[in-house]
Amino acid sequence: MDLRAPASTGEFAALLRDNGLPVDDLAEVEASDCLVAVDHGEVVGAVGLQVFGGDALLRSLAVSGARRGNGIGDRLVDAVERHARNRDGARLYLLSDTA
């Protein structure tokens with residue numbers, strides 16, 4: 001499995017929809033601030049940052065239902081945290097209506 005930047009946010013929109021996450025505002029997210037987990041050509045996980053100056057909202061973290069429990073989410077969060085630090089140390093925030 002590889003972690004990489006998506007070609008566009010549309011590359012993982014179906015995964016977000018399948019997990020009940022919003023996709024209507026994906027145009028506000030830069031694909032370069034997102035990561036996808038790809039296994040055998042299939043997007044099985046995704047995470048994104050929505051950056052506001054020195055702050056960033058961790059959003060759109062999703063893992064395919066069949067692939068949960070395998071550490072994909074952990075790898076995505078670790079990688080996006082590193083990405084935020086490399087972006088001038090952006091402070092990360094997480095909003096959730098289910099946690």
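# Exercises on a predicted fold

Asp 33 is buried, at a relative accessible area of 4%. Keep in mind as you work that this is a predicted model.

**Exercise 1. Where does Asp 33 sit, and which residues beyond its sequence neighbours is Asp 33 in contact with?**

Step 1: place the residue. Asp 33 belongs to the loop that links α1 (13-18) to β2.

Step 2: check the burial. The cut-off for buried is under 20% relative accessible area, so the 4% of Asp 33 counts as buried.

Step 3: list the partners. Setting aside neighbours within four places in sequence, Asp 33 contacts Gly 48, Leu 49, Val 51, His 83 and Arg 87.

**Exercise 2. Work out the order of the elements from the N terminus on, then compare the radius of gyration with the globule rule.**

Step 1: count. The protein has two helices and five strands.

Step 2: put them in order. From the N terminus on, you should get β-α-β-β-β-α-β.

Step 3: compare. The radius of gyration is 12 Å, close to the 13 Å from the globule rule for 99 residues, so the protein is as compact as a globular protein of that length.

Step 4: add the box. Along the principal axes, the C-alpha atoms fill roughly 35 × 30 × 25 Å.

**Exercise 3. Describe the protein's burial, surface, charges and contacts in four numbers or sets of numbers.**

Step 1: burial. Of the 99 residues, 39% count as buried.

Step 2: surface. About 5,800 Å² is exposed, and 47% of it is supplied by carbon and sulfur atoms.

Step 3: charges. You'll find 10 positive and 16 negative side chains, with the centres of the two sets 4 Å apart.

Step 4: contacts. Take the contacts with a separation of 6 or more; residues 24 or more positions apart account for 58% of them.

**Exercise 4. Take apart the largest nonpolar core: which residues touch the most other members, and which element gives the largest share?**

Step 1: find the hubs. This core has 14 residues, and those touching the most other members are Leu 35, Val 47, Leu 49, Ile 72, Leu 76 and Val 80.

Step 2: trace the sources. At least two residues of the core come from each of β2 (34-39), β3 (42-52), β4 (55-63) and α2 (72-86).

Step 3: pick the top contributor. That's α2, with five residues, the largest share.

Step 4: zoom in on one hub. Leaving out neighbours within four places in sequence, Val 47 is in contact with Cys 34, Leu 35, Leu 58, Arg 59, Ser 60, Leu 61, Leu 76 and Val 80.

Step 5: look for another core. There is a second, separate one of 13 residues, which includes Phe 12, Ala 13, Leu 16 and Cys 34.

**Exercise 5. His 40 and Ser 60 both have a positive phi. Which of them is buried and which exposed?**

Step 1: read off the angles. Phi is near 50° for His 40 and near 60° for Ser 60; neither residue is a glycine.

Step 2: locate each one. His 40 lies in the loop between β2 and β3, while Ser 60 is in strand β4.

Step 3: apply the accessibility. His 40 counts as exposed at 79%, whereas Ser 60 is buried with 11%.

**Exercise 6. Glu 30 and Val 23 are in the loop between α1 and β2. Is each one buried or exposed, and what surrounds Val 23?**

Step 1: start with Glu 30. At 52% relative accessibility, Glu 30 counts as exposed; the cut-off is over 50%.

Step 2: turn to Val 23. Its relative accessible area is 18%, which makes Val 23 buried.

Step 3: find its contacts. Not counting residues up to four places away in sequence, Val 23 touches Ala 13, Leu 16 and Arg 17. Ala 13 and Leu 16 also turn up in the second core.

**Exercise 7. What C-alpha separations do you get for Glu 30 to Val 51, Thr 98 to Val 77 and Val 23 to Leu 95?**

Step 1: Glu 30 and Val 51 are 21 residues apart along the chain, and their C-alpha atoms are separated by 8.6 Å.

Step 2: Thr 98 and Val 77 are also 21 residues apart in sequence, with 18 Å between C-alpha atoms. Thr 98 is in the segment after β5 (91-94) and is exposed, with 72% relative accessible area.

Step 3: Val 23 and Leu 95 are 72 residues apart in sequence and 16 Å apart in space, C-alpha to C-alpha.

Key
Residues are numbered from 1 along each chain as its sequence is written. This is a predicted model: local features need pLDDT of at least 70, side-chain atom pairs count only at pLDDT 80 or more; totals for chains, interfaces and linings use all residues. Side-chain values use heavy atoms; hydrogens and water are left out. Helices (H or I, at least four residues) and strands (E, at least two) are DSSP runs, numbered from the N terminus. The radius of gyration is taken over C-alpha atoms; the globule rule is 2.2 Å times the number of residues to the power 0.38. Buried means under 20% relative accessible area, exposed over 50%, partly exposed in between (1.4 Å probe, protein chains only). Contact means heavy atoms within 4.5 Å. Accessible areas come from the Shrake-Rupley method with a 1.4 Å probe; for residues, only the protein chains shown count as cover. Lys and Arg count as positive and Asp and Glu as negative; His and the chain ends are not counted. The place of a charge is taken as NZ of Lys, CZ of Arg, CG of Asp or CD of Glu. A nonpolar core is a set of buried Ala, Val, Leu, Ile, Met, Phe, Trp, Tyr and Cys residues joined through side-chain atoms within 4.5 Å.
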